[in-house]
Amino acid sequence: MDNTHSAPKGARTPWQVTRSVWYAMFMREAISRTMSDRMGWFWMIFEPFALVAVMVGIRSFISGDNLIANAPFIPWMIVGMMGFFLVREGMLRGMGAIEGNSALFAYRQVHPVDPVVVRNFLEGTLRTFVFLIFIAGGLLLGLELFPDNAVRAISAWLALWGLGIGLGLVVSVASTLVPEVGKIIRITSLPLLIVSGVIFPLNQLPHWMLEYLMLNPIPHGLETLRLGFFENYKIIHGTSMTYFWLVTLSLNALGLLMHLRFVDRLKAK
């Protein structure tokens, strides 16, 4: 007896199913993000541009160039802001991903972790494109915005992207189960901009304060990214990518475990 037809032909593997789900959700999110909101692209470019313009104005009073060793102030700040926005938006976009796609959970192939991963991937792609626009624009204006060590710069950029994904995975679960968490995170995003050394160098702070601020993994990634652009740049004392990756991988593992543990409650929200 021929048993060759006992197994269904064309059955897809779990990875093929997941890939199809991610592709469909990516196209849905991309169209929604870039087409439905006409101001979406404008704000992605205008926000860092406005911050740079404000800080250039303030620099005329504080002599910002004198605060940073071996790196021009404006390119130094642009690189820091782009890296920070990559992490921040990965975290913030992850928060609304589950609620924004709750209708799709009626399909058993779709899990709450899927929209979080897809949104982070889309956000990272868009932020990378915006960063390239700033680099091209800066070079046209004569700014030193071309990386001296492209491999280090790309590695640090991808590392910050990974941190954003980890934070997005964790806060997506926490903010869905406890809505107040989302409000607190949004409030703290501005202070986080300051204490991460995006606008002002943390080297100017007292050593005892710097020790606490460097528990935050973001400055470690930003300083490494800046070192990739300015090879003679003097990074903050205590910068460690080993520490950065320990935190990043821990956040990603914790986020995935939280999604596994609370998958039924997340789908019911």
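In which helix do R93 and E89 both lie, and how many residues apart are they? Both residues belong to helix α3, where they are 4 residues apart, or about one turn of the helix. This pair is taken up again below, after an outline of the chain. The model described here is predicted.

The chain contains 11 helices and 0 strands, and its pattern along the sequence is accordingly written α-α-α-α-α-α-α-α-α-α-α. Of the 269 residues in the chain, 45% are buried. Among contacts between residues at least 6 apart in sequence, 78% join residues at least 24 apart. The chain exposes about 14,500 Å², and carbon and sulfur atoms supply 67% of that area.

An unreviewed UniProt entry places the feature "transmembrane region" at residues 41-62, 68-87, 129-146, 158-178, 190-210 and 243-263. Two of these spans were examined in the model. In residues 68-87, the end C-alpha atoms lie 23 Å apart, and the span is 75% helix and 0% strand. In residues 129-146, the end C-alpha atoms are 15 Å apart, with 67% helix and 0% strand.

The largest nonpolar core has 67 residues, of which W76, M77, L225 and F229 touch the most other members. Helix α3, which covers residues 73-95, gives the most to this core, contributing 15 residues. A second, separate core consists of 5 residues, including L202, L210, L213 and I236. When neighbours within four places in sequence are left aside, the contacts of W76 are I68, A71, G197, V198, I199, F200, P201, R226, F230 and Y233.

One of these contacts of W76, R226, also takes part in a salt bridge. The side chains of E223 and R226 meet at 3.0 Å, N to O. Both residues lie in helix α9, which spans residues 217-229, and they are 3 residues apart, about one turn of the helix. Both partners are also buried: the relative accessible area is 2% for E223 and 0% for R226.

In total, the structure holds 6 salt bridges. A network of salt bridges links R88, E89, R93, E123 and R127. Within this network, R93 forms a salt bridge with E89, with the closest N and O atoms 3.7 Å apart. The two partners differ in burial class: R93 counts as partly exposed at 29% relative accessibility, whereas E89 counts as buried at 9%.

R93 also forms a salt bridge with E123, and here the closest N and O atoms are 3.4 Å apart. Because R93 lies in helix α3 and E123 in helix α5, this pair ties together parts that are 30 residues apart in sequence. Helix α5 comprises residues 113-140. E123 counts as buried because its relative accessibility is 1%, under the 20% limit for that class. Apart from neighbours within four places in sequence, E123 is in contact with R33, E89, G90 and R93. The contacts of E123 thus include both E89 and R93, the two residues of helix α3 with which this passage began.

Conventions: Residues numbered from 1 in each chain as written. Predicted model: local features only at pLDDT ≥ 70, side-chain atom pairs only at ≥ 80, totals over all residues. Heavy atoms only, no water. Core = buried A, V, L, I, M, F, W, Y, C linked by side-chain atoms within 4.5 Å. Buried < 20%, exposed > 50% of the residue type's maximum accessible area, 1.4 Å probe, protein only. Contact = heavy atoms within 4.5 Å. UniProt positions renumbered as here; feature names shortened; annotations may be inferred. Areas by Shrake-Rupley, 256 points an atom, 1.4 Å probe, with all protein chains shown as cover. Salt bridge = Lys/Arg side-chain N within 4 Å of Asp/Glu carboxyl O.
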